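Here are some notes for when you open this one up. They go through the pockets, the cavity, the ligand site and the salt bridges in turn.

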Amino acid sequence: MASLSLKGLNKIYDNKVQAVFDFNLDIEDGEFVVLVGPSGCGKSTTLRMIAGLEEITAGTLVIDGNDVTEAAAKNRDIAMVFQNYALYAHMTVYENMAFSLMLRKEDQDIIHEKVMEAAEILGLVDQLGKKPKQLSGGQRQRVAVGRAMVRNPKVFLFDEPLSNLDAQLRGSMRRELKLLHNKLKATTIYVTHDQIEALTLADRIVVMNEGRVQQIGKPAQLYDNPANLFVASFIGLPPMNFLEARTDGGDFDFGGVRLPFPGNMVKIGLKGKNVIVGVRPEDILPNPDGVPLKVVINENLGQNTLVHGFLAGKRVTAKFRRWCDYKQGDVVNVSFDQEKTHVFDKETGMAVPVVGLRRALDV
Ligand code: ADP
């Protein structure tokens, strides 16, 4: 196991595309870090620079105190699990898992011990004699993980490992990976475009967009205190609602419809400003003294109901924690949970710290 230090990593490809800008991160021994962001934001490039599969254009990579910026991939003691599993079709599960150790000319007994140990942990003991094509997608992904495990690497890298699985299997494999990490406590860097995987797996999440780190934090920090509009819109499902407003006389003014401002707007220099108000669907609360939300669609999800409609003429989605049967055109009065109302600068998109905003645990 190992700690990592990524200092000012930049990647410019031969075609002059800059995929990663000034990436800085220290990763603790045993930490599970998830890089998340939309397709093309530079996640895989960052991971591949760590693995040694892409040259680092500028910056420094330190693993366990050693500068490996220039080191060959095979000398970094890293194992990578890919989306497409990359298993050898003509080899059995056992051979696939044993292969890298055989290349290293490990002792047969040690190879056997390591393969059996990984197979035990991953529930693959009964599959060892099969070829990859005889396995389900989930089993194949487990073999790919097992192949990484037997090498006992300092760092595990995962590049969208669950993307090829159907939704149900993705959920169960996600939980398996979490249990596996709880057991092995190996330093792990995991790339995904799926914010649910990020929230559920990560000790810390790095949100990226257009090659740049947007925010780094624990899942609760990112959910409760997104640093900017991008993070606020990317983390959380259904996404946060955004409404333009003017701060005025202690209120948000959404073009005639007013809701109280959560805090002292004079003190934080927000009086008389045009801002973007962010509120998550679950933080829009039914309140007879609130403002009207005109219903367009009512979606029951069992425990919750998503109520899509218009508030002050703007599209919003509310999530009520009960079964509702609103019809199109119904009006339900709502207010925003004051402690969970976010304010963003309209020009820069940066969050403005508002007094009263709930602080995530351990911030
Ligand atoms: P992600 O993993 O977030 O989807 P990538 O790291 O794969 O993003 O890609 C980041 C950017 O770098 C994209 O604009 C992509 O087109 C570009 N890119 C990736 N690989 C190469 C390459 N080998 N040569 C040139 N450009 C590349």
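**Notes on a predicted model**

1. Helix H3 (residues 108–122) is the biggest contributor to the lining of the second largest pocket, giving four residues. Bear in mind as you read on that this is a predicted model. The pocket itself, second largest in the structure, comes out at about 280 Å³. Its lining is made up of Met1, Lys114, Glu117, Ala118, Ile121, Met149, Val150, Asn152, Pro153, Phe156, Leu184 and Ala186. Sorted by class, that gives nine nonpolar, one polar and two charged residues.

2. Now for the largest pocket, which holds about 550 Å³ of space. There are 20 lining residues, and Ile78, Ala79, Met80, Ser100 and Arg151 are the closest to the centre. Which elements each supply at least two residues of this lining? They are strand E6 (78–81), helix H2 (93–103) and helix H4 (137–149). H2 gives the most, with four residues. The class count for this lining is 13 nonpolar, two polar and five charged.

3. There is an enclosed space to look at too. Searching the whole structure turns up one cavity of 30 Å³ or more, and the volume of the largest cavity is about 100 Å³. Around it you'll find Phe32, Val145, Met149, Phe156, Phe158, Leu177, Leu180, His181, Leu184, Ala186 and Thr188. H4, strand E7 (155–159) and helix H5 (167–184) each put at least two residues into this lining, with H5 taking the largest share at four. What does the lining look like by class? Nine residues are nonpolar, two are polar and none is charged.

4. If you're colouring by site, watch for residues that turn up twice. Met149, Phe156, Leu184 and Ala186 line the second largest pocket, and these residues also appear in the lining of the largest cavity.

5. On to the ligand. The residues surrounding it are Tyr13, Asn15, Ala19, Pro38, Ser39, Gly40, Cys41, Gly42, Lys43, Ser44 and Thr45. Two backbone contacts are worth displaying: a polar backbone atom of Gly40 sits 2.6 Å from a ligand oxygen, and a polar backbone atom of Gly42 is 3.0 Å from an oxygen atom of the ligand. Lys43 joins in through its side chain, with a polar atom 3.0 Å from a ligand oxygen.

6. Lys43 is also a good way into helix H1, being one of its buried residues. The others in the buried set are Thr45, Thr46, Leu47, Met49, Ile50 and Ala51. Overall, H1 is mostly covered, with seven of its nine residues buried. Just past H1, take a look at the backbone of Gly52, where phi is positive at about 90°.

7. Salt bridges next: the structure has eleven of them. One pairs Glu54 with Lys11, the closest N and O atoms being 3.5 Å apart. Why does this pair link distant stretches of sequence? Glu54 lies in the loop between helix H1 (43–51) and strand E4 (58–63), while Lys11 belongs to strand E1 (residues 4–12), so the bridge ties together parts 43 residues apart in sequence. Buried or exposed? Both Glu54 and Lys11 are buried.

8. Another bridge runs between Arg258 and Asp248, with the closest N and O atoms 3.1 Å apart. Since Arg258 lies in strand E13 (residues 257–260) and Asp248 in strand E11 (residues 241–248), this pair ties together parts that are ten residues apart in sequence. As for accessibility, Arg258 has a relative accessible area of 35% and is therefore partly exposed. Asp248 also counts as partly exposed, because its relative accessibility is 33%.

9. Arg258 has a further partner in Asp253, where the closest N and O atoms are 3.5 Å apart. Asp253 has a relative accessibility of 18%, so this residue counts as buried. Through shared partners, the salt bridges join Asp248, Asp251, Asp253 and Arg258 into one network. I'd show those four side chains together when you look at this region.

Notes. Residues numbered from 1 in each chain as written. Predicted model: local features only at pLDDT ≥ 70, side-chain atom pairs only at ≥ 80, totals over all residues. Heavy atoms only, no water. Buried < 20%, exposed > 50% of the residue type's maximum accessible area, 1.4 Å probe, protein only. 1 Å grid on protein atoms, 1.4 Å probe; cavity = no way out; pocket = protein on both sides within 12 Å on 5 of 7 lines; lining within 4 Å. Points joined across faces, edges and corners; volume = space filled by probe spheres on them. Nonpolar A, V, L, I, M, F, W, Y, C, P; charged D, E, K, R; others polar. Near = heavy atom within 4 Å. Polar contact = N/O pair within 3.5 Å; in protein donor to acceptor, adjacent residues only side chain to side chain.
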